[in-house]
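Biologist: Before I accept the labels put on this model, I want to hear the reasoning behind them. Please show me the structure and we can begin.

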Amino acid sequence: MTHSLSEAIVDGVRRAIGSFDETVLLHRPYLPPTAWQFVKECLDTSWVSSAGSYVTRFEELLATTTGCERAVATVNGTAALEVCLRLTGVEPGDEVICPSLTFVATANAISHCQAVPHFVDVSASRLSIGPDALDDRLRKVAVASPEGTRNRETGRRIAAVCLMHCFGHPGQLREIVEICGRYEIPLIEDAAESLGSTYEGKHTGRFGKVSAVSFNGNKIITTGGGGAILTDDHELADRAKHLTTTGKVAHPWEFRHDEVAWNYRLPNVNAAMGVAQLEILSELLNAKRAIAGRYADAFAAVEGAQFLTEPPDCQSNYWLNCILLDPELAESRDGVLEALNASGYQCRPVWIPMHQLEMYRDCPRGPLEQTESLSRRAINIPSSAHLAPGWAEKHVR
Ligand SMILES: *Cc1c(COP(=O)(O)O)cnc(C)c1O
């Protein structure tokens, strides 16, 4: 069974993106010629570090691209998320509800605030927090207190819900926003993977009080390493800037810092790369849609595996394409991965769920059936923009 399934899946990938002499990487960044030009300008003028005009341009472009009032660039996405949590009022000893099916940064950022991740299950159609799972969990453990909603089992305050838009597919925002409102728990979006994804026409990252995006090397655009905090709240954005720039009080020459803060600034040379890619984001998004369309067609005929498509009323950035093996075929996953990688297609399983990692084993959690099932049968397949039909001819470099 594994054998014919593997063959069918390798064949599906080949029909969608073609055959190549070299290994096809899971996700390779595309750096347009302007990236070289802008970075060179930083080097020529020696404006390479934390001050410089590209950081401001990058932040402005991010705000216009997402429709957010403000964007504050940071050194990486984990740092952005940590600051988001702090800005939302997460304190040491609090709990933050998040998925277990996520990249470790989500849980780490919560831990860096000396808070405790509290895992709830995801929905199988989107791979992000399921409204029913969240509602059931809160119904079971939530109790109102003067300081906010508490977990009656641990006594800790539930200070935030952190929704992650998995592989760029927007989560069930309408329902999650409603539930958070009902329990008066602030919502934060881990939009690290969803730059360019919209929910009912509105960009992801605009539904929470404050959100984080990432520009790590494998994300839809990259600044080498980098991230940003998004918000519509000017006061929060000013706080974010202050907290990420050492708490320095603006002054032409004096060094006065008015609180313990971080140096989480994005250097100018990194922002320069980001500006170049943000300027062509719509082209990248079109390319990603085209690849996803090819995969959807190719996998329509493959029995036992299903290509994950964007949810209704959403536009996904299709950052990382994903196929799901049927639940009864989960055992075949490693064989399929071996066949794909041996055929020159770099493919990998989804993350080991957080509650199965040593350091997060004892965290509070609801039932995680979907998380465990999906983690055994999801496979990410090559997703670089340059795999889109016609991309190579248009982008010689
Ligand atoms: C990439 C990513 C982050 C942030 O990661 P950095 O590498 O610190 O930029 C956070 N959450 C998720 C889900 C991610 O995929």
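Modeller: A molecule sits in a pocket if more than half of its atoms lie within 2 Å of the grid points of that pocket. This is a predicted model, and the ligand sits in the largest pocket.

Biologist: Which elements give two or more residues to the shell around the ligand?

Modeller: Helices α4 (77-87) and α5 (104-112) do.

Biologist: What makes Gly-77 and Lys-219 part of the ligand's surroundings?

Modeller: A residue is near a molecule if one of its heavy atoms lies within 4 Å of it. The ligand is surrounded by 15 residues, and Gly-77 and Lys-219 are among the closest. The shell holds four nonpolar, eight polar and three charged residues.

Biologist: Why is the pair of Thr-78 and the ligand called a polar contact?

Modeller: The cut-off is 3.5 Å between N or O atoms. A polar side-chain atom of Thr-78 is 2.5 Å from a ligand oxygen, so the pair qualifies. For Ser-214, the distance from a side-chain N or O atom to a ligand oxygen is 2.6 Å. Asp-190 places a polar side-chain atom 2.8 Å from a ligand nitrogen. The protein buries 93% of the 380 Å² that the ligand exposes when taken alone.

Biologist: Why is the pair Arg-156 and Glu-95 called a salt bridge?

Modeller: The limit is 4 Å from a side-chain nitrogen to a carboxyl oxygen. Here N to O is 2.9 Å, so the pair counts as a salt bridge.

Biologist: What does the pair tie together?

Modeller: Arg-156 is in the loop between β5 (148-151) and β6 (158-164), and Glu-95 is in strand β2, so the pair links parts 61 residues apart in sequence.

Terms used. Residues are numbered from 1 along each chain as its sequence is written. This is a predicted model: local features need pLDDT of at least 70, side-chain atom pairs count only at pLDDT 80 or more; totals for chains, interfaces and linings use all residues. Side-chain values use heavy atoms; hydrogens and water are left out. A polar contact is a pair of N or O atoms within 3.5 Å; within protein, one must be able to donate a hydrogen and the other to accept it, and residues adjacent in sequence count only if both atoms are side-chain atoms. Accessible areas come from the Shrake-Rupley method with a 1.4 Å probe; for residues, only the protein chains shown count as cover. On a 1 Å grid over the protein atoms alone, a cavity is a set of points where a 1.4 Å probe fits but cannot get out, and a pocket is an open set with protein on both sides within 12 Å along at least five of seven lines; lining residues have an atom within 4 Å of a point. Helices (H or I, at least four residues) and strands (E, at least two) are DSSP runs, numbered from the N terminus. Ala, Val, Leu, Ile, Met, Phe, Trp, Tyr, Cys and Pro count as nonpolar, Asp, Glu, Lys and Arg as charged, and the others, Gly among them, as polar.
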